Amino acid sequence: MPITITQAFTFEAAHRLPHVPETHRCRRLHGHSYRVELTLGGEVDPHTGFVVDFFDVEAAFAPVLATLDHHLLNEIEGLDNPTAENIALWIYRKVSPNLPPLQAVKVFETPMCWAEYRA
Ligand SMILES: Nc1nc2c(c(=O)[nH]1)N=C([C@H](O)[C@H](O)COP(=O)(O)OP(=O)(O)OP(=O)(O)O)CN2
Ligand SMILES: [Zn+2]
């Protein structure tokens with residue numbers, strides 16, 4: 001029976017949104033405490049009881065997290081317009097080759113606002 005697992009991570013970063021109107025406050029440089037949720041799906045291994053070991057998810061995401069944490073997101077290749085939507089898609093593209101059961105990436109800018117990319 002297929003089941004999903006989700007692991008959450010946080011990072012701090014600055015950004016500005018270059019394509020919003022000049023009067024929009026998010027055009028100015030500001031920061032967020034981002035939360036990322038990675039959801040993976042698959043069959044439960046009958047021996048381990050895991051879909052994927054959370055430690056393996058952590059290891060696969062670590063280099064991507066290091067690229068984001070305490071950086072200006074606009075300076076990262078592919079993130080010149082770092083909306084929550086674009087960050088979610090960017091993370092999926094970076095992580096999924098090393099973590100094929102990845103099904104969805106959620107990026108929270110605040111506890112109340114997030115974007116989700118589902119493969
Ligand atoms: N669809 C999207 N809309 C907006 C995005 C986005 O990524 N996708 N991003 C922003 C800005 O990044 C903005 O900084 C949002 O954060 P913030 O102003 O901090 O959020 P709140 O308005 O909820 O915070 P309060 O200060 O508590 O009101 C805007 N839109
Ligand atoms: Zn913002």
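UniProt positions are given in the numbering used here, with shortened feature names, and such annotations may be inferred rather than shown by experiment. The model is predicted: local features need pLDDT of at least 70, side-chain atom pairs count only at pLDDT 80 or more, and totals for chains, interfaces and linings use all residues. Residues are numbered from 1 along each chain as its sequence is written, while chains are lettered from A and ligands numbered from 1 in the order in which they are written.

**Exercise 1. Locate the residues that UniProt annotates as "binding site", and describe the setting of His15 and His32.**

Step 1. The unreviewed UniProt entry gives His15, His30 and His32 this annotation. They are spread over 18 residues of sequence but cluster in space, with a largest C-alpha distance of 8.1 Å.

Step 2. Assign elements. Helices (H or I, at least four residues) and strands (E, at least two) are DSSP runs, numbered from the N terminus. His15 lies in strand E1 (residues 2-15). His32 lies in strand E2.

Step 3. Classify burial. A residue is buried if 20 or more other C-beta atoms, placed from the backbone, lie within 10 Å of its own, exposed if 12 or fewer, and partly exposed in between. His15 is buried because it has 24 C-beta neighbours inside 10 Å. His32 has 18, so it counts as partly exposed.

Step 4. List contacts. Two residues are in contact if their C-beta atoms, placed from the backbone, lie within 7 Å. Neighbours within four places in sequence are left aside. His15 then contacts Leu72, Leu73, Asn74 and Pro82. His32 contacts Ala13, Glu109 and Thr110.

**Exercise 2. Characterise His70 and Glu109, two of the residues listed under "active site".**

Step 1. The unreviewed UniProt entry lists Cys26, His70 and Glu109.

Step 2. Take His70. His70 sits in the loop between H1 and strand E3 (71-72). With 10 C-beta neighbours inside 10 Å, His70 counts as exposed. Beyond four places in sequence, His70 touches Glu12 and Ala13.

Step 3. Check the backbone. Most residues other than glycine have a negative phi. His70 is not a glycine, yet its phi is positive, about 60°.

Step 4. Take Glu109. Glu109 belongs to strand E4. Its 18 C-beta neighbours inside 10 Å make it partly exposed. Not counting residues up to four places away in sequence, Glu109 touches His32, Tyr34, Ala84 and Trp114.

**Exercise 3. Describe the shell around ligand 1.**

Step 1. A residue is near a molecule if its C-beta atom, placed from the backbone, lies within 6 Å of it. The shell holds Leu17, Cys26, His30, Thr83, Ala84, Glu85, Glu109, Thr110, Met112 and Cys113.

Step 2. Helix H2 (84-95) and strand E4 (102-110) each supply at least two of these residues.

**Exercise 4. Dissect the largest nonpolar core.**

Step 1. A nonpolar core is a set of buried Ala, Val, Leu, Ile, Met, Phe, Trp, Tyr and Cys residues joined through C-beta atoms within 7 Å. Here the largest has 22 residues; Val36, Leu38, Ile87, Ala88, Ile91, Val105 and Val107 touch the most other members.

Step 2. Strand E2 (30-43), helix H1 (54-68), H2 and E4 each supply at least two residues of this core. The largest share, 6 residues, comes from H2.

Step 3. Zoom in on Ile91. Leaving aside neighbours within four places in sequence, Ile91 contacts Val36, Val64, Val105 and Val107.
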